[in-house]
Amino acid sequence: MSFRFLHAADLHLDTPFQGLGRSAPHIAARLRDASLEALDGLIDTALDEHVDLVVLAGDIYDGAERGLRAQIRLARGVARLDEAGITTVIVHGNHDPVREGWSAIGRWPARCHLLGTDRVQTVTLQARDGTPVAVHGISYDRPDVTENLVRRFPLVNGDAFHIGLLHASVGVPSDHLPYSPCSLADLAGTGHHYWALGHIHRRQVLSTSPHVVYPGNLQGRSFKSSELEPKGAMLVDVDGGQITTRFRALDRVRFATHDVDVSLAAGLDEVIDALEQHGRALQAEH
């Protein structure tokens, strides 16, 4: 058993950045493109790393008004993966529930699977080395899902590598509403080897037995603490019984904060000089 997959979530494609748009329209325009460029980077990474599978754990779009250019960009991306023999499995979350919004794409590639809402669905594939892989997942049908959807997932065993794909809150998150709330014990009890989660924008590995992973969002969106770190996806290697996760930064614009001491500045010119100097240093760092 030796294969590789890519786990991303919370793409929020074509986020309008309305607050920034009012104060800095040129920055808002750059950010709207950034979410789509980050998606392109995700697809490029999947191809460059020769993964067998890409899983997207919800909030692909930012809301019910799913922009046409975002839908086209996603469709073209998964078509590139399909042509390379890479399977894509997608679930929807609280921002883009299936019942709301619309789809301009009438047909998806054979290897792209958008999972439904009525039950947990399973997508099976065979990795390049012959490893059987099963991805189990379910989409939100409405924004306010308060049911613990983990309880719908099958108890699994056998030779296949099992991935649970879900948009959910594990424990009590401090800065996100508790959609599909569950516990680590709930997740571990299903027998899945890896839980590919979405919803929490701060990257974190909650457990390694089994692996329970939030990759964070693909592109930062604001100056909230959960949006400040480098953003991207998790590259996951499975080798025998070992699972290794590696973060890949894919964001195109990064939010950062920095304290600048201007207490000794003699006037406004020195304040501006200090801010510009620290701004350039942050750009170089990131």
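In this predicted model, serine 207 faces valine 212 of strand 12 across the strand pairing. The two strands involved, strand 11 and strand 12 (residues 211–214), run antiparallel and are joined by four bridges. They belong to an open sheet of six strands, arranged in the order 5-6-7-10-12-11 with mixed pairing. Strand 5 (121–126) and strand 11 (204–208) form the edges, each pairing on one side only. From one strand to the next, the twist averages 15 degrees.

Aromatic contacts come next, and there are six aromatic pairs in the structure. One of them is the stacked pair of phenylalanine 3 and phenylalanine 5, with 6.1 Å from centre to centre and 25 degrees between the planes. Phenylalanine 3 has a relative accessible area of 4%, which is under 20%, so this residue is buried. Phenylalanine 5 is likewise buried, at 0% relative accessibility. The pair is also part of a cluster in which ring pairs link Phe3, Phe5, Phe161 and Tyr194.

A second pair offers another geometry: phenylalanine 223 and phenylalanine 255 are edge-to-face because their planes stand at 90 degrees, over the 60 required, with the ring centres 5.0 Å apart. This pair connects distant parts of the chain, 32 residues apart. Phenylalanine 223 sits in the loop between strand 12 and strand 13 (232–239), while phenylalanine 255 sits in the loop between strand 14 (242–249) and helix 5 (268–285). As for burial, phenylalanine 223 counts as exposed at 52% relative accessibility, whereas phenylalanine 255 is buried at 5%.

A charged group also meets a ring: arginine 203 lies over the face of phenylalanine 247, at 3.7 Å from the ring centre.

Note on methods
Residues are numbered from 1 along each chain as its sequence is written. This is a predicted model: local features need pLDDT of at least 70, side-chain atom pairs count only at pLDDT 80 or more; totals for chains, interfaces and linings use all residues. Side-chain values use heavy atoms; hydrogens and water are left out. Two strands pair if DSSP finds at least two bridges between them. Axes are lines fitted to C-alpha atoms, for helices over the stretch in contact, and angles run from 0 to 180 degrees between N-to-C directions. Rings of Phe, Tyr and Trp (its six-membered ring) pair if their centres lie within 6.5 Å; planes under 30 degrees apart count as stacked, over 60 as edge-to-face and the rest as tilted. Buried means under 20% relative accessible area, exposed over 50%, partly exposed in between (1.4 Å probe, protein chains only). A charge sits over a ring if NZ of Lys or CZ of Arg is within 6 Å of the ring centre and within 35 degrees of the ring normal.
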